[in-house]
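Here is a short report for a first look at this structure. Keep the sequence and the 3D view at hand while reading.

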Amino acid sequence: MLLDGPRLAPLSGAAPDALVILVHGYGSNGEDLISLAAMMQPALPGAAFVAPDAPSQIPQMAAAHQWWPIETFSMAERAAGADAATPVLDAFITHELEQAGLGNDRLVLIGFSQGTMMALHAGLRRPQAAAGIVGISGMLVAPERLATDIRSRPPVLLIHGTEDEVVPFRSMELAETALAAAGVPVETHVSPGTGHGVAPDGLAAAAAFTKRVLS
């Protein structure tokens with residue numbers, strides 16, 4: 001199964017010199033995140049953006065997609081779900097890079113919430129490192145397995161709002177600690193007073209990081 005979703009071609013009008021894949025959260029879809037790409041485009045005129053829809057829809061909810069069903073909120077459920085969804089996202093990443101004629105060093109993954117979990121889970125298990133990974137309002141799934149599972153160490157930026165009512169703010173610190181222990185270069189950005197969402201300061205931090213790791 002190959003994923004698909006809305007896309008933005010490079011503002012430059014030329015062939016893409018980089019690929020930014022935006023990975024949406026639970027109950028959302030690619031259209032929701034491609035709006036972030038439009039705001040980042042001016043800083044990255046040569047990049048192509050794509051925001052794939054997650055592989056399954058939530059029953060009785062139109063246009064609401066999920067990387068895995070959330071029923072128990074347990075760590076075991078998250079790990080099993082991320083493990084099951086990673087091959088699908090991984091295949092999509094590989095296909096998109098091949099179509100664009102780009103290497104992994106020209107790839108940035110940007111995830112939100114469940115999409116952050118997927119971006120970190122898949123990105124750190126790819127044999128060749130991406131240019132970078134941005135995780136917004138998310139967490140690291142199965143941190144106890146990272147030292148064994150990790151195959152590449154791209155730089156990571158974690159962004160989180162202090163008032164996040166869905167994924168606790170302390171999830172950022174827990175992820176930062178585990179990533180650093182595994183040898184991953186990790187930075188953090190705190191959005192004061194922000195709930196489970198993307199604040200303007202967080203979006204600016206994501207754009208600046210993406211531009212830096214691709215330069």
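The report below goes from the sheet to the helices and then to the cavity.

**The sheet**

This is a predicted model. Its open sheet has seven strands. Their order is β1-β3-β2-β6-β7-β8-β9, and the pairing is mixed. Which strands stand at the edges? They are β1 (7-8) and β9 (186-191). Each has a single partner strand, so one side of each is left without a neighbour in the sheet.

Now look at β7 and β8. These strands run parallel, and four bridges join them. I136 stands opposite I159 in β8.

**Helices on the sheet**

Helix α2 covers residues 75-100 and packs on the sheet. It touches β1, β2 (18-23), β3 (47-50) and β6 (107-112). Helix α5 lies across β8 and β9. The table sets out the angle for each helix.

| Helix | Strands in contact | Angle to a strand |
|---|---|---|
| α2 | β1, β2, β3, β6 | about 155° to β2 |
| α5 | β8, β9 | about 165° to β8 |

**A pair of helices**

Next come α1 (residues 30-40) and α6 (residues 200-214). How do their axes cross? The axes of α1 and α6 come within 10 Å and cross at roughly 65°. The crossing of α1 and α6 is right-handed.

Side by side, the residues can be named. From α1 come L36, M39 and M40. They meet L203, A206, A207 and T210 in α6. By class, this contact of α1 with α6 has six nonpolar residues and one polar residue. No charged residue takes part in it.

**The cavity**

How many cavities of 30 Å³ or more does the structure hold? There is one. The largest cavity has a volume of about 40 Å³. Its lining is made of 13 residues. Closest to the centre are G135, G138, M139, L158 and H160.

Which elements give two or more residues to this lining? They are α3 (114-123), β7 (132-136), β8 (156-161) and α5 (170-181). Two of these names have come up together before: β7 and β8 are joined by four bridges. Another, α5, lies across β8.

What is the lining like by class? Seven of its residues are nonpolar and six are polar. The lining of the largest cavity has no charged residues.

Notes:
Residues are numbered from 1 along each chain as its sequence is written. This is a predicted model: local features need pLDDT of at least 70, side-chain atom pairs count only at pLDDT 80 or more; totals for chains, interfaces and linings use all residues. Side-chain values use heavy atoms; hydrogens and water are left out. On a 1 Å grid over the protein atoms alone, a cavity is a set of points where a 1.4 Å probe fits but cannot get out, and a pocket is an open set with protein on both sides within 12 Å along at least five of seven lines; lining residues have an atom within 4 Å of a point. Grid points are joined across faces, edges and corners, and a volume is the space filled by probe spheres set on the points. Ala, Val, Leu, Ile, Met, Phe, Trp, Tyr, Cys and Pro count as nonpolar, Asp, Glu, Lys and Arg as charged, and the others, Gly among them, as polar. Two strands pair if DSSP finds at least two bridges between them. Contact means heavy atoms within 4.5 Å. Axes are lines fitted to C-alpha atoms, for helices over the stretch in contact, and angles run from 0 to 180 degrees between N-to-C directions. A crossing is left-handed if the near helix is turned anticlockwise from the far one by less than a right angle, and right-handed if clockwise.
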